[in-house]
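Subject: Handover of a structure and notes on it

Dear colleague,

Please find below the structure that I am handing over to you. My notes follow it.

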Amino acid sequence: MDKLPKYNPDIPERFYDSLGEKEWTRLSKNRLGELLFHVHMDIFRQYAKKDTSVLELGAGAGVFSKEFVRFGTQLVVSDISEKQLTINRSKMAELRLEEQIEAFQLLDITDLSSIDKNHYDMVTCVGGALNYTFDKEQAAVSEMLRVTKPGGIVIVGVMSFISALVRYLPAVVEEKQQFGIAATNWVMDTGIQDAEHYPVKSRHYVHMMESKDLDLLFEDQNVQILEKRAAGILAMAGETALNQAKEDDELWPSILHKEIKLSKNPACLDCGANIIYVVRKK
Ligand SMILES: C[S@@+](CC[C@H](N)C(=O)[O-])C[C@H]1O[C@@H](n2cnc3c(N)ncnc32)[C@H](O)[C@@H]1O
């Protein structure tokens with residue numbers, strides 16, 4: 001992408017401050033969330049081992065923080081939103097896990113200068129924090145790699161543009177009436193929803209990505225890409241069908257099993273709600 005809009009940290013900070021507690025149930029309140037959780041856990045289980053030092057960026061309310069603690073990792077939880085960090089801390093306290101977390105830090109992924117280079121065994125940033133960083137996307141990826149030890153693992157997950165387009169097409173139809181065809185074509189061509197071209201009321205300004213965007217971000221880095229995974233592919237079926245499937249105790253485990261298989265299928269990479277890259281720093 002030649003010219004990305006300028007990153008404004010106030011946008012994600014305010015957006016996630018205002019979402020508050022809703023973030024705690026984001027991956028359990030519906031079946032899409034459940035699929036996403038399942039695939040992320042399949043990945044984390046492989047890499048987050050006992051005593052692995054982990055920096056969790058954009059940790060939100062702690063849906064995965066609690067799991068990293070249970071894996072026995074040495075965890076630092078961080079987020080740009082003070083509100084999310086407070087919720088995370090209180091959820092971990094409720095679960096009696098707070099003592100096992102090394103620190104809770106307010107961190108913007110585009111600037112990790114408070115952390116020494118080569119510090120963590122593993123750095124994770126899933127759920128889409130990178131989608132908000134626009135012209136600082138490359139800086140954010142470089143920062144994640146800088147603070148990771150050589151041989152360490154970086155796991156980055158982003159919101160997929162193609163899946164978003166499919167799932168939110170009804171909104172696109174409405175927004176076309178509001179903003180006109182030039183704005184709609186802008187979003188379709190770039191995946192960018194920004195104040196200048198696509199001023200949605202929610203101020204949810206993001207660069208929805210394709211796998212080729214992640215490829216570019218890791219292209220000139222000293223890394224080996226270990227896995228490219230899609231998450232939430234079967235969400236294309238829609239919530240009603242997935243809810244029906246979940247009611248069948250025999251069927252639902254098979255659906256989850258298939259979701260994992262599809263998540264590894266290169267042909268599906270851009271079709272899940274999230275695209276996740278696992279890379280090893282050389
Ligand atoms: C969709 S939530 C995902 C939370 C958690 N990782 C999960 O998957 O449940 C995205 C999180 O990223 C955080 N975030 C957004 N932009 C960020 C940035 N530039 N730096 C750090 N965190 C950011 C938000 O505050 C929010 O808590």
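Is Pro 9 buried, partly exposed or exposed? Pro 9 has 15 other C-beta atoms within 10 Å and therefore counts as partly exposed. The model is a predicted one, and everything below should be read with that in mind.

Pro 9 belongs to the segment that precedes α1 (10-19). Beyond its neighbours within four places in sequence, Pro 9 is in contact with Ile 80 and Asp 108. The second of these partners is 99 residues from Pro 9 in sequence, yet the two C-alpha atoms are 7.8 Å apart in space.

The sheet

Seven strands form an open sheet with mixed pairing, in the order β3-β2-β1-β4-β5-β9-β8. Its edge strands are β3 (101-106) and β8, each of which pairs on one side only. From one strand to the next, the twist averages 15 degrees.

Several of the pairings can be described individually. Strand β1 (residues 53-56) runs parallel to strand β2 (residues 74-79), with four bridges between them; here Leu 55 has Val 76 in β2 as its bridge partner. Strands β4 and β5 are also parallel and are joined by five bridges. Within that pairing, Val 123 is matched with Val 154 in β5.

Strand β9 has antiparallel partners. Seven bridges connect strand β5 (residues 148-159) to β9 in the antiparallel sense, with Gly 157 opposite Ile 276 in β9. Strand β8 (residues 223-231) is likewise antiparallel to β9, through eight bridges, and Ile 225 stands opposite Val 279 in β9.

How many residues of strand β9 are buried? In β9 (residues 274-281), seven of the eight residues are buried, so the strand is largely enclosed by the rest of the structure. For β5, nine of the 12 residues are buried, and this strand is therefore also largely enclosed.

One helix can be placed against the sheet. Helix α4 (residues 82-94) lies across β2 and β3, and its direction makes an angle of about 160 degrees with β3.

Helices α7 and α8

Two packed helices are described by the angle between their axes and the distance between the axes. For helix α7 (residues 169-179) and helix α8 (residues 181-190), the axes come within 7 Å and cross at roughly 135 degrees. The two helices are therefore oblique to each other.

Which residues make this contact? From α7, Val 172, Glu 175, Lys 176 and Phe 179 take part, and they meet Ile 181, Ala 183 and Thr 184 of α8. By class, the contact has four nonpolar residues, one polar residue and two charged residues.

Burial in these helices is as follows. Of the 11 residues of α7, the number buried is zero, so α7 lies largely in the open. Of the 10 residues of α8, one is buried, and α8 therefore also lies largely in the open. A glycine with positive phi follows each helix: Gly 180, just after α7, has a phi of about 90 degrees, while Gly 191, after α8, has a phi near 75 degrees.

Positive phi outside glycine

Most residues other than glycine have a negative phi, and most peptide bonds are trans. Two residues are therefore worth listing here under that general statement.

- Asp 51 has a positive phi near 70 degrees. Asp 51 is located in the loop between α2 (31-47) and β1, and it is exposed because it has 9 C-beta neighbours inside 10 Å.
- Phe 134 has a positive phi near 40 degrees. Phe 134 is located in the loop between β4 (120-125) and α5 (137-146), and it is buried because it has 21 C-beta neighbours inside 10 Å.

The ligand

Which residues are closest to the ligand? The ligand is surrounded by 25 residues, of which Pro 12, Tyr 16, Gly 58, Gly 60 and Gly 127 are the closest. In terms of class, this shell consists of 14 nonpolar, eight polar and three charged residues.

With kind regards

Notes: Residues are numbered from 1 along each chain as its sequence is written. This is a predicted model: local features need pLDDT of at least 70, side-chain atom pairs count only at pLDDT 80 or more; totals for chains, interfaces and linings use all residues. Axes are lines fitted to C-alpha atoms, for helices over the stretch in contact, and angles run from 0 to 180 degrees between N-to-C directions. Angles under 35 degrees count as roughly parallel, over 145 as roughly antiparallel, 65 to 115 as roughly perpendicular and the rest as oblique. Two residues are in contact if their C-beta atoms, placed from the backbone, lie within 7 Å. Ala, Val, Leu, Ile, Met, Phe, Trp, Tyr, Cys and Pro count as nonpolar, Asp, Glu, Lys and Arg as charged, and the others, Gly among them, as polar. A residue is buried if 20 or more other C-beta atoms lie within 10 Å of its own, exposed if 12 or fewer, and partly exposed in between; C-beta atoms are placed from the backbone. Two strands pair if DSSP finds at least two bridges between them. A residue is near a molecule or strand if its C-beta atom, placed from the backbone, lies within 6 Å of it.
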